[in-house]
Amino acid sequence: MNQTGEEAGAFRPLRILIVSRGIPVKDDPMLGIFEWDQAKALRAMGHEVTFFAVDLRSARHKRSFGIYQRDIQGIRVFVYSMPVGAVSPGILVKLGFAGLKKLFLQAFSPEGIPDVIHAHFTEMGCMAAELSEKTGVPLVITEHSSIMGGEAVPAKLLQVAKKGYETADCLIAVSGALSRKILEHTGAESRVIHNIIDDRIFRRYPAMEHEGYHFISVSNLIPRKRISLLLEAFAVLTGKTVSADAEPETGGNDGNRGLYLDIVGDGEERENLENLADQLGIRDRVYFHGRLSREDIAKQFSMADCFVLPSELETFGVVYAEAMMAGLPVIATACGGPEDFVTGETGLIGEYDTGEALAGAMEEMYQNRERFDRDAIQGYAQGHFSPEVIAERLTKEYLEIL
């Protein structure tokens, strides 16, 4: 296709195939959520979108097996479900590609093949690379993997990644930090396009009056998120001891400021974290809400004053962006993704590796709470992460490679 730059930049509807590791379901609402959000945004923009969910999770994830099709919100969805589980990346790609071929033959006639294939995550990208080579359809890969954003990548995964990246007509990373790591590990250059934040959910609830000042954190309760560090910081902030071996101080208080901490999420560390909150003497000010839907998280954001998460590593950091879409200022560690969008106007970011350091940031946020404008933070998030903004950027990339 020969187009002038002006023509390439103009909108025209495309046939887009999204290749995902799954699709959100009742029992696993986060499965394939980034891919599904993009598919909906592209469909809303006027494109014809087909969604392939290649679900290779182990049999312990209860679901139907085989191939099935459905239409959801104007998107043709084809699912290939096969219990595979923990195998090497090369074997996973081989098994997944077999399913991908079957879906492609079922979904498309020779006269109606897609204009572009857009795959997400490392192994799916390599599967889609095989499909792209066999069909001649241009390929876009979006990388989200925290493993690819780490200091060392297992050799077998690196081999799969390089195969996909070399085949791709366009490689996208969800943050600048991940883009730099991909270049370091593989020599592949990538463009940065962030994940979508569903503004219809996170802008839905206006700020509500509530008692005191609430910090809120949302994450899986796993070591990498460092919620134990957050509890220690909150103990410092409220005048309690941070030593789990010492008796909690009596009479410690937060200067009658009414400080509270809401923790949303579940995981392997939950029991230990609840015990730590007891040992630190802060249990009466810390609320563990468990795992919530995005809708219920948005409601919690409307009753909070600041989002805080001292994560060790984030390839993007979707929960920070969701909080900003709800208008909350954020406190983030310099852990990768948040460096792209946490600014002096939207929050605080730094090397908060001790309870005292993080407590200092939380104190600074509290003391300067009037400086952070919820409407301005929400507007920033809308301009950077909304479905319309991301769909427009993706469409530009598609048209360029065509």
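Reader: Which residues of α11 are buried?
Author: The model is predicted, so to speak of its local features requires pLDDT of at least 70, side-chain atom pairs count only at pLDDT 80 or more, and totals for chains, interfaces and linings use all residues. Residues are numbered from 1 along each chain as its sequence is written, and side-chain values use heavy atoms, with hydrogens and water left out. Helices (H or I, at least four residues) and strands (E, at least two) are DSSP runs numbered from the N terminus, while buried means under 20% relative accessible area, exposed over 50% and partly exposed in between, with a 1.4 Å probe and protein chains only. Helix α11 is mostly covered, since eight of its eight residues are buried, and these are Val 318, Val 319, Tyr 320, Ala 321, Glu 322, Ala 323, Met 324 and Met 325.

Reader: Which residue just after α11 takes a positive phi?
Author: The backbone just after α11 has a phi of about 95° at one position. The residue that takes this positive value is Gly 327.

Reader: How many residues apart in sequence are the parts that Glu 314 and Lys 225 tie together?
Author: A salt bridge (a side-chain nitrogen of Lys or Arg within 4 Å of a carboxyl oxygen of Asp or Glu) joins the side chains of Glu 314 and Lys 225, at 2.6 Å from N to O. Because Glu 314 lies in the loop between β12 (306-309) and α11 (318-325), and Lys 225 in the loop between β9 (213-218) and α8 (227-237), the pair ties together parts whose separation in sequence is 89 residues.

Reader: Is Glu 35, which pairs with Arg 21, buried or exposed?
Author: Glu 35 forms a salt bridge with Arg 21, their closest N and O atoms being 2.7 Å apart. This pair links distant parts of the chain, with Glu 35 in helix α2 (residues 33-44) and Arg 21 in the loop between β1 (15-20) and α2, 14 residues apart. Arg 21 counts as partly exposed at 24% relative accessibility, whereas Glu 35, at 0%, counts as buried.

Reader: Which residues are linked with Asp 28 in a network of salt bridges?
Author: Asp 28 and Arg 57 meet through their side chains in a salt bridge of 3.2 Å, N to O. Asp 28, at 23% relative accessibility, counts as partly exposed, while Arg 57, at 18%, counts as buried. The network that holds Asp 28 also takes in Asp 55, Arg 57 and Arg 63.

Reader: What is the handedness of the crossing of α4 and α5?
Author: Axes here are lines fitted to C-alpha atoms, for helices over the stretch in contact, with angles from 0 to 180 degrees between N-to-C directions. The axes of α4 (residues 122-135) and α5 (residues 155-167) come within 8 Å and cross at roughly 45°. That makes α4 oblique to α5, given that angles under 35 degrees count as roughly parallel, over 145 as roughly antiparallel, 65 to 115 as roughly perpendicular and the rest as oblique. A crossing is left-handed if the near helix is turned anticlockwise from the far one by less than a right angle, and right-handed if clockwise; the crossing of α4 and α5 is left-handed.

Reader: What distance separates the C-alpha atoms of Tyr 213 and Arg 369?
Author: Tyr 213 is in strand β9 and, at 5% relative accessibility, counts as buried. Leaving aside residues up to four places away in sequence, Tyr 213 touches (heavy atoms within 4.5 Å) several residues, including Tyr 260, Cys 306, Met 365 and Arg 369. Tyr 213 and Arg 369 are 156 residues apart along the chain, and their C-alpha atoms are separated by 9.8 Å.
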